[in-house]
Amino acid sequence: MKKILWDIDGTLLNFDLAETAAIYKCFEIFNLDKPTEDMLKTYKNINNIYWERLERNEVTRDEVLLGRFRDFFEKYGIQTDIVEDFNHNYQIELGKTYVFNPYGKEAVKKLASKYDQYAVTNGSLTAQSGKLEGSDLNKILKESFISELIGFEKPDERFFEYVFEKIGSRTLDDYVIIGDSLTSDMLGGVNAKIKTIWFNPHSKKNHLDLPIDLEISSLNEVEDCLAKIFG
């Protein structure tokens with residue numbers, strides 16, 4: 001059977017909602033004043049920068065998880081001695097919110113009889129385990145590959161080498177990755193020499209000029225795209 005590698009955050013699940021809910025809850029846990037919209041935007045920008053640096057192997061995972069909050073807290077005068085505890089709680093809370101993007105759950109359920117489906121995610125083990133279980137994706141997908149356990153992040157070719165080895169097939173023409181991130185999912189697919197479907201609901205520009213196979217704005221387009229790609 002052909003094999004689909006699904007990104008989770010931002011593709012099947014709405015990461016923005018989970019991230020916002022987790023931040024609000026952690027500010028409550030640590031008796032901090034509720035963050036403003038501007039504070040949330042600032043945090044998300046800092047977070048995105050750190051993850052992009054991780055994808056380029058410029059920082060470690062721990063430097064991402066702690067550094068983003070340290071920078072954020074310093075900017076708003078929040079004591080940084082709570083960073084480690086804050087991040088620990090944040091990972092737990094992040095795994096408690098799992099809202100599917102439109103047609104996400106319908107897509108994976110419908111495709112289950114035709115394709116082998118797997119999760120490939122750069123998210124933390126704690127957060128992703130909670131989401132996969134709570135959303136029932138762990139009951140639909142055959143297996144989940146989490147970068148924290150593998151030791152490499154998308155788009156590193158070694159992440160995909162591990163995935164191919166564990167699945168037990170190196171027939172690259174049988175694989176497709178579906179994801180929203182150019183810098184991790186699409187670049188990873190290109191690096192691994194497998195087919196790519198870019199989930200791009202906000203019409204972002206392909207600023208990396210990657211040779212993406214197909215681009216979609218809604219997950220209800222996936223089935224037709226797979227038919228085009230695999231024939």
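## Ground rules and overall build

Helices and strands here are DSSP runs, at least four residues long for a helix (H or I) and at least two for a strand (E), and they are numbered from the N terminus. Keep in mind that you're looking at a predicted model. By that count, the protein has 11 helices and 6 strands.

As for overall dimensions, the C-alpha trace spans about 55 × 35 × 35 Å along its principal axes. The radius of gyration is 18 Å, which agrees with the value near 17 Å that a compact globule of 231 residues would have. Half the chain is tucked away, with 50% of the 231 residues counting as buried. Take the contacts between residues at least 6 apart in sequence, and 63% of them join residues at least 24 apart.

## Surface and charge

The accessible surface comes to about 11,300 Å², and carbon and sulfur atoms own 46% of that. On the charge side, there are 40 negative side chains and 29 positive ones. The centres of those two sets lie 4 Å apart.

## Two nonpolar cores

Which residues touch the most other members of the largest nonpolar core? They are I23, F27, F69, F72, F73, F86 and Y90, out of 26 residues in that core. Four helices, α1 (15-29), α2 (37-55), α3 (61-75) and α4 (83-94), each put in at least two residues. The largest share comes from α2, which supplies 7. For a closer look, try F86: setting aside neighbours within four places in sequence, F86 is in contact with C26, F27, F30, L32, F69 and F73.

Apart from this core lies another one, made of 24 residues. Its members include I4, I146, F199 and V222.

## Around helix α10

Helix α10 covers residues 182-192, and its buried residues are L182, S184, D185, M186, G188, G189 and A192. What sits over them? The cover for these buried α10 residues includes α2, α9, β4 (175-179) and β5. Right after α10 comes K193, with a positive phi near 65°.

## D71 and its partners

D71 is part of helix α3. Is D71 buried, exposed or partly exposed? Its relative accessibility is 31%, so D71 counts as partly exposed, given that the middle class runs between the 20% and 50% cut-offs.

Beyond the neighbours within four places in sequence, D71 is in contact with I46 and Y50. N47 sits 24 residues away from D71 in sequence, with 9.6 Å between their C-alpha atoms.

## Backbone oddities

Most residues other than glycine have a negative phi, and most peptide bonds are trans. A few spots in this model go the other way. The peptide bond from K154 to P155 is cis, with omega near 15°. You'll find P155 in the loop between α8 (147-150) and α9 (157-167).

Then there's the loop between β5 (195-199) and β6 (214-216), which is home to S203. S203 isn't a glycine, yet its phi is positive at about 55°. The loop between β5 and β6 also holds D209, another non-glycine residue with a positive phi, near 55°.

Are these two buried or exposed? S203 has 63% relative accessibility and therefore counts as exposed. D209 is exposed too, with a relative accessible area of 67%. The cut-off behind both calls is over 50%.

How values were computed
Residues are numbered from 1 along each chain as its sequence is written. This is a predicted model: local features need pLDDT of at least 70, side-chain atom pairs count only at pLDDT 80 or more; totals for chains, interfaces and linings use all residues. Side-chain values use heavy atoms; hydrogens and water are left out. The radius of gyration is taken over C-alpha atoms; the globule rule is 2.2 Å times the number of residues to the power 0.38. Buried means under 20% relative accessible area, exposed over 50%, partly exposed in between (1.4 Å probe, protein chains only). Contact means heavy atoms within 4.5 Å. Accessible areas come from the Shrake-Rupley method with a 1.4 Å probe; for residues, only the protein chains shown count as cover. Lys and Arg count as positive and Asp and Glu as negative; His and the chain ends are not counted. The place of a charge is taken as NZ of Lys, CZ of Arg, CG of Asp or CD of Glu. A nonpolar core is a set of buried Ala, Val, Leu, Ile, Met, Phe, Trp, Tyr and Cys residues joined through side-chain atoms within 4.5 Å.
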